[in-house]
Amino acid sequence: MASVLLVDDEVEIARVLMAVLKHAGHQGHYAPSAREGLQFLATHETSLLILDIMMPEMNGIEMLRQIRRDPTLTALPVIMYTGADDPELRDRAEELGISAFVMKGRLDFSELRALIDRHGGKPA
């Protein structure tokens, strides 16, 4: 069972994604902000991070920058997703070493499950 952290300020979307994680056999954890996500990562072993880009206070790109500066998290697989169709955001995320990039409006749950299994480990 993979331990997956979901960081998104949109609670309704998070509920759906947490259900997808549970149905796929993964242990899902949720943080409603980048700061809470960073706190979780500092104290819990995590197999995969699913990270929204557009969040208040600290966006997903800044959170990812901080993660990549931490030697214990540089190899953490990250699936970024966003509702903003902005190629510059995608480029910045890819420069920081994301595993995959998904558009919220085009979110296909079977595709997401496959990405989670591929980058976060197969469930037990």
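A residue counts as buried when its relative accessible area is under 20%. In this predicted model, Ala-100, Phe-101, Val-102 and Met-103 of strand 5 are all buried. Strand 5 belongs to an open sheet of 5 strands with parallel pairing, in the order 2-1-3-4-5.

**Sheet**
- Strand 2 (27-31) and strand 5 each have a single partner strand and stand at the edges, so each has one side without a neighbour in the sheet.
- From one strand to the next, the twist averages 20°.
- Strand 3 (residues 48-52) is paired with strand 4 through 4 bridges in the parallel sense, and Asp-52 stands opposite Tyr-81 in strand 4.
- Helix 3 packs on this sheet and touches strand 1 (3-7), strand 3 and strand 4; the direction of helix 3 makes about 150° with that of strand 3.

**Strand 5 and its connection**
- Side chains in a regular strand alternate between the two faces of the sheet.
- In strand 5 (residues 100-103), Ala-100 and Val-102 point one way, while Phe-101 and Met-103 point the other way.
- Strand 4 (residues 78-82) runs parallel to strand 5 and is joined to it by 4 bridges; Met-80 stands opposite Phe-101.
- A right-handed β-α-β unit is formed by strand 4, helix 4 (residues 87-95) and strand 5.

**Helix 3 against helix 4**
- The axes of helix 3 (residues 60-69) and helix 4 lie 10 Å apart, at an angle of about 10°.
- Angles under 35 degrees count as roughly parallel, so helix 3 is roughly parallel to helix 4.
- Helix 3 contributes Ile-61, Leu-64 and Arg-65 to the contact, and helix 4 contributes Leu-89, Arg-92 and Ala-93.
- These contact residues comprise 4 nonpolar, no polar and 2 charged.

Note on methods
Residues are numbered from 1 along each chain as its sequence is written. This is a predicted model: local features need pLDDT of at least 70, side-chain atom pairs count only at pLDDT 80 or more; totals for chains, interfaces and linings use all residues. Side-chain values use heavy atoms; hydrogens and water are left out. Buried means under 20% relative accessible area, exposed over 50%, partly exposed in between (1.4 Å probe, protein chains only). Helices (H or I, at least four residues) and strands (E, at least two) are DSSP runs, numbered from the N terminus. Two strands pair if DSSP finds at least two bridges between them. A crossover is right-handed if, with the strands pointing away from the viewer, the path from the first strand over the helix to the second runs clockwise. Axes are lines fitted to C-alpha atoms, for helices over the stretch in contact, and angles run from 0 to 180 degrees between N-to-C directions. Angles under 35 degrees count as roughly parallel, over 145 as roughly antiparallel, 65 to 115 as roughly perpendicular and the rest as oblique. Contact means heavy atoms within 4.5 Å. Ala, Val, Leu, Ile, Met, Phe, Trp, Tyr, Cys and Pro count as nonpolar, Asp, Glu, Lys and Arg as charged, and the others, Gly among them, as polar.
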